[in-house]
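Please open the model in your viewer and keep the selection panel at hand. The tour proceeds from one selection to the next, with a short account of what is found at each stop.

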Amino acid sequence: MIGAAETSHFIDTIRRKVEQDLHLTQGIVGHAEQSTANTERISAKAERASAVAAGVLRASLEGRAEVDLSLRQIGAVRADAHAALALMTALQEKSRRIHSITDALTSSPP
């Protein structure tokens, strides 16, 4: 009888230990699943952030190209304005000469 009681007690002790180990293992599995889910969420957010960053880079490069084009166009307009100013100055000088010639012709006695 004592042997059977000791065996029963030993088996109960082992059963409790197995149950504790099972409980701990289930907790570890739960934490691992939670960690996996968190890692997947972080990965998805990182992928979205990477896509957004790529879009920002692309938009930035496009914006830079637009600014460069605008600067070239402004330079061309400036050159055209300087050329127009030079032509208007020359035209004004010619107009003064014509005016002085016509004044001389109209003010001379016949």
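Begin by selecting glutamate 19, which is partly exposed, with a relative accessible area of 42%. The model is a predicted one, and glutamate 19 is a suitable entry point to its charged side chains: the structure holds six salt bridges.

**First stop: arginine 15 and glutamate 19**

Add arginine 15 to the selection. Its side chain meets that of glutamate 19 in a salt bridge, at 3.0 Å from N to O. Helix H1, which spans residues 2–107, contains both arginine 15 and glutamate 19. The two are four residues apart, about one turn of the helix. Arginine 15 is partly exposed, at a relative accessible area of 42%.

**Second stop: arginine 64 and aspartate 68**

Move along to arginine 64 and aspartate 68, and display both side chains. They form a salt bridge with an N to O distance of 3.7 Å. The spacing is four residues within helix H1, so about one helical turn separates aspartate 68 from arginine 64. Are these two residues buried, partly exposed or exposed? Arginine 64 has 57% relative accessibility and therefore counts as exposed, the cut-off for that class being over 50%. Aspartate 68, at 30%, counts as partly exposed.

**Third stop: glutamate 93 and arginine 96**

Next, select glutamate 93 and arginine 96. The side chains of this pair meet in a salt bridge at 2.9 Å, N to O. Both residues belong to helix H1, and they are three residues apart, about one turn of the helix. Glutamate 93 is partly exposed at 32% relative accessibility, and arginine 96 is partly exposed with a relative accessible area of 47%. For a view of linked pairs, return to the first stop and add Asp12: salt bridges with shared partners join Asp12, Arg15 and Glu19 into one network.

**Fourth stop: a nonpolar patch**

Finally, select Phe10, Ile11, Ile14 and Val18, and switch to a surface representation. Together these residues make a nonpolar surface patch of about 380 Å². Which class of exposure does phenylalanine 10 have? Phenylalanine 10 is exposed, with a relative accessible area of 53%. Like the charged pairs visited above, phenylalanine 10 is found in helix H1.

To review the tour, select the three pairs again and label their N to O distances: 3.0 Å for arginine 15 and glutamate 19, 3.7 Å for aspartate 68 and arginine 64, and 2.9 Å for arginine 96 and glutamate 93.

Conventions: Residues numbered from 1 in each chain as written. Predicted model: local features only at pLDDT ≥ 70, side-chain atom pairs only at ≥ 80, totals over all residues. Heavy atoms only, no water. Salt bridge = Lys/Arg side-chain N within 4 Å of Asp/Glu carboxyl O. Buried < 20%, exposed > 50% of the residue type's maximum accessible area, 1.4 Å probe, protein only. Patch = residues over 30% accessible without salt bridge, like charges linked within 9 Å, V, L, I, M, F, W, Y side chains within 5 Å. Areas by Shrake-Rupley, 256 points an atom, 1.4 Å probe, with all protein chains shown as cover.
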